[in-house]
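Reader: I would like to go through this model by question and answer. Please keep the replies short.

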Amino acid sequence: MAEVEFRGISRRFGDVQALHSLDLAVADGEFLILVGPSGCGKSTALRLLAGLDKPTSGEILIAGRPVTRSGPGERDIAMVFQNYALYPHMSVFQNLAYGLRQRRTPRAEVNRRVHETAVLLDIDELLDRKPRQLSGGQRQRVAMGRALVRRPQAFLLDEPLSNLDAKLRTQVRGDLKRLHREVPVTSIYVTHDQVEAMTLGDRICVMSNGEVQQIGTTDDIYNRPSNTFVAGFMGSPPMNLVPGEVRGGTVRVAGAALADLPSPDRPVTVGFRPEDLRIGGPWESRSVPARIDFCEPLGSHVLVHALVDADGTGPEGTPSNVIAQAPPGTAYDSGARVGFSVAAGKTYVFDAETGQAAPPPARDRVITA
Amino acid sequence: MTTAELTSSLEPGSTIRRWRLPFSPWHLVLVPLTFVLIVPLLWMVVTSLQTQGEANRFPPVLVPHDPRIANYADAWHTAPFGTFFLNSTVVALVVVVSNLVVCSLAGYAFARVRFLGSKALFLVLMATLMVPFQVTMIPVFLIVKWFGDNVSTYLGIDHLGALMLPNLATAFGIFFLRQFFQTVPVELEEAARVDGTSRLGVLFKIVLPLSMPAMSTLAALTILTSWNDFLWPLIVITNADQMTVPLGLSYFQGAHQTNWPLLMAGNVMSLVPMLVVFVVAQRYFVQSVAGTGLKG
Amino acid sequence: MSVQASGQDAAATQGAARPGWVGRLRRSEGATGWLLVSPGAILIGIFGLLPVLMALKLSFQKSDLLTPDTPWVGTKNYRQLADDPRFAEAIQHTIVYTALFVPGTMLVGLLVAAALNRSVRFISVYRTAAYITMAVSTISEGIIFLWLTDKDYGLVNATLNAVGISSQPFLASTSQALYVIVAMTIWGWTGFAVIVYLAALQGVPSELHEAAAIDGARPFTRFRTITLPLLSPASLFLLVWLTINALQLFDEVYLTTRGGPLHATTVIVYYLWDQAFVQFNAGYAAAMAYVLFLVSVVLTAIQFRLARKYVHYS
């Protein structure tokens, strides 16, 4: 087990800059999630750490030792691949033992560790099988076992749950959490699934366009997004983002004041999460007038889709979509006029140009109504 | 990213090089390797441009002093190469067209039509693939002779028909197209049949247009096999007027054993058509070989 | 009453069935199916199936291919084969040839394919150059190698001299000719073997190499423990296919040595052809062909049996 550090890592593929000077430190035993849309650089970062690819510039350290020039086999890390990459011609036992044998581990030790790991992952019954005789979930566990058995300095996981069906994914997510509690190896986990990101990690690193957007706990990322990208990426459905303005010390959307903000007048992007919205009459004060588009009843709640003429351009403008989470049983006719008000302290303001949260100190961004 | 970085990404310590080749280091392996592979062909071309004096010098003259293109004209006039090419072309065309038609009809029936005895018939036909040509060649010689004596002389010994007849349909072609037809989505055919198309209509309007890659592959393979076949023409053809390119070439070689520039000029000419076909249709050859290799 | 009714029904169905039967057949899938397969089935029947039976019959007869007189001789042809020293010699040459040609072609094909399995610039040019021998006819190949290995003016002897080895007689030597034929046919089959191996190599997922690299395996170990086992289906295909073709070697022998010098390159099929179409012992040749058939079936069966243990299918 060891800490892992990226120092100013850049990677360029021809004209494409996959990573821009990435700085990232992962503490010993920490479970860090790299999350972002496809092409954001998260997999590149993982492959650079594994040694499967070399950075254009920068340095990677594992346990304080620079490994940028070491091959993947010399870094003492283990990786779980998206499609597991189990050696199809070897039994489960041979798959687990392969890495140990490459390191000239004595036979008895190999046997002991493979069996130990197999018991831990509940695959000890499968040791004689070939990968093609295993179910998806079993293959996933073998892939985990192949990584665990080596007792590496760090664990790299590249979307390890994406090939499982939804039900199994939930179960394996729980298994992973339990496993990390029992074997607290430094882990770097790449995913594009925000539920995995929020539930699994000690910290989350949100990436986009080869750059880190925000690093923090689930609470930080969800409640204090540092820019519109993070706000719009995390949450299901994500935060509503509509054009607005700060005028006379209040945040306004479509002319309606939503919250106070002692700040100079300027155009802004206003954000609010679906669950923080309350639907009332269009006449109510501190509410944004909107037209109902349609409702999606989901059992536990109803998602109300509405259109807000946020930029104030009238019928010829493009209205912004707003989604509100309403209690079950809520129903509106399409076209009905309503007003959205935002729960106290739940209005987010971002710079209209840069998308950065404003004003900078995170706590102050939450505004009292 | 340069290709050098890509290919060497697994080797430790390869990123930070003191110096860098302007190209992938693999070219240093690939250039000599492919050179060795095509040296026989290059040497054939070089010799075809030498004078007989240059060819009979040792150590050999690597670059002809004054390339003698006239060797080609000499070769062309010394043996009836025009006739050989024409014969090979006619035989190959007839065999290819026949194979495409006959094998696609049968291949489709075996792939999609349910009829009594289809499995048994298919197995029997496929069993013939196991039999070496040497087993059947003597009886086929007798059968072709019978066709020549009883049906038409043009089908008999010493006629082009003898080269075509045994190759008009192949079990391999039927197998190959059947395998491909089975991958055509059956829903497409069902949709057409619901729209009132007949079985044959479905084959010609839906399945065959979708099977052009497989048909091209079979055509390419059949052309190559037919053109380069030697043993069968050797057995049934003795008349120079009816010889195909390889057979004619072997007689040409026998007649001009020591005139290497002339021989090589003839050899180059004989190779050009198939080299062109191969380069143009390379994709199909690769697919056919790779496909049968991994599935079969 | 009910009995009568059912009898009437039966009669009615029978009556109705008669005109309908033809129509049903015409419309039925069965007729369509047979119609579609008949051209192919008839052609293959005449030129693929019938000859197998005729050859079997012929192998128990004496025939000179020309006269219709073909007396039965029982198993004489087969017994004669067992005592024919030239046939034994031909078998021996065929075995030596096959034992060298098959592994040789596979090894060359594998090495070239491994070198070509990367994405560098001009790779398609390199690949075409490696495949191209597939398009070269056996006769052209024979003529080229006759010249290359010419004992007086050949390029090979020139190269040998350049590195201090004296000129060799090659095809003119009883002890070397067969090996020259091995070399030229390996060259001729390289394109084919490369295509097969390259396709198989491209089918090995790169993640497996990466996983093995992370597991600490060096490049050569990765090739040996991951790539080679995963290529086994391609290797089996080549083994079977090249063996069948090796047993049928003829064209190059005919062109370069005519089985000589002193029968040193007389392989089974050359001897068979010589017996059938030069000596006109067609019955004897047919028996020889059947022995060849049997040998190739047995060899193929053995290869597939061995494959069960070593070949991995994903």
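Author: The turns below take the chains one topic at a time, and the model is a predicted one.

Reader: How many helices and how many strands does chain A have?
Author: Chain A has 369 residues, and 46% of them count as buried. Its C-alpha atoms fill a box of roughly 80 × 45 × 35 Å along the principal axes. The secondary structure of chain A comes to eight helices and 20 strands.

Reader: What share of the contacts in chain A with a separation of 6 or more is between residues 24 or more positions apart?
Author: One pair of residues can serve as an illustration of sequence distance. A:Val338 and A:Glu284 are 54 residues apart along the chain, yet their C-alpha atoms are separated by 9.2 Å. For the contacts of chain A with a separation of 6 or more, the share from residues 24 or more positions apart is 66%.

Reader: Over which residues of chain A does pLDDT stay under 50?
Author: The mean pLDDT of chain A is 87, and 95% of its residues reach 70 or more. Where pLDDT is low, the predicted coordinates should not be read in detail. The model has 21 contacts beyond four places in sequence for the stretch under 50, which is residues 360-369.

Reader: Is A:Val338 buried or partly exposed?
Author: A:Val338 lies in strand β19 (residues 337-342) of chain A. Beyond four places in sequence, its contacts include A:Ile279, A:Pro282, A:Ile292 and A:Tyr332. Burial needs 20 or more C-beta neighbours within 10 Å. A:Val338 has 19 inside 10 Å, so this residue counts as partly exposed.

Reader: How many of the nine residues of helix α1 (residues 42-50) of chain A are buried?
Author: The buried residues of α1(A) include A:Lys42 and A:Arg47, along with A:Leu46, A:Leu48 and A:Leu49. Just after the helix, A:Gly51 takes a positive phi of about 90°. Helix α1 of chain A is largely enclosed by the rest of the structure, because the buried count among its nine residues is eight.

Reader: Where does A:Pro237 lie?
Author: The peptide bond from A:Ser236 to A:Pro237 is cis. Its omega is near -5°. A:Pro237 belongs to the loop between α8 (228-233) and β11 (240-247) of chain A.

Reader: What is the phi of A:Ala63?
Author: A:Ala63 sits in the loop between β4 (57-62) and β5 (65-66) of chain A. It has 16 C-beta neighbours inside 10 Å and so counts as partly exposed. A:Ala63 is not a glycine, but its phi is positive, near 55°.

Reader: In which loop is A:Asn209 found?
Author: A:Asn209 has a positive phi of about 50°, although it is not a glycine. With 15 other C-beta atoms within 10 Å, A:Asn209 is partly exposed. The loop runs between β9 (203-208) and β10 (211-216) of chain A.

Reader: Which helix gives the most to the side of chain B that touches chain C?
Author: The contact joins 85 residues of chain B to 79 residues of chain C. On the chain B side, 63 residues are nonpolar, 19 are polar and three are charged. With 11 residues, the top contributor on that side is helix α2 (residues 27-48) of chain B.

Reader: Which element gives the largest share of the side of domain 1 of chain B that touches domain 2 of chain B?
Author: The domain assignment of chain B gives domain 1 (24-68) and domain 2 (80-295). Their contact takes nine residues from domain 1 of chain B and seven residues from domain 2 of chain B. On the domain 1 side, α2 and α3 (52-55) of chain B each give two or more residues. The largest share there, four residues, comes from α2(B).

Reader: How far apart do the C-alpha centres of domain 1 of chain C and domain 2 of chain C lie?
Author: In chain B, 34 Å separate the centres of domain 1 and domain 2. Chain C is divided into domain 1 (2-58) and domain 2 (76-310). For chain C, the C-alpha centres of the two domains lie apart by 47 Å.

Reader: At which residue does α8(C) bend?
Author: Helix α8 (residues 177-202) of chain C should span 38 Å at 1.5 Å a residue, and its end C-alpha atoms are 37 Å apart, which agrees. The helix is mostly covered, with 21 of its 26 residues buried. The bend in α8(C) is about 45°, at C:Trp189.

How values were computed: Residues numbered from 1 in each chain as written. Chains lettered and ligands numbered in written order. Predicted model: local features only at pLDDT ≥ 70, side-chain atom pairs only at ≥ 80, totals over all residues. Expected span 1.5 Å × (residues − 1). Bend = angle between axes of the 7 residues up to and from the residue. Buried ≥ 20, exposed ≤ 12 C-beta atoms within 10 Å, placed from the backbone. Contact = placed C-beta atoms within 7 Å. Nonpolar A, V, L, I, M, F, W, Y, C, P; charged D, E, K, R; others polar. Domains from an automatic or database assignment. pLDDT = per-residue confidence, 0-100.
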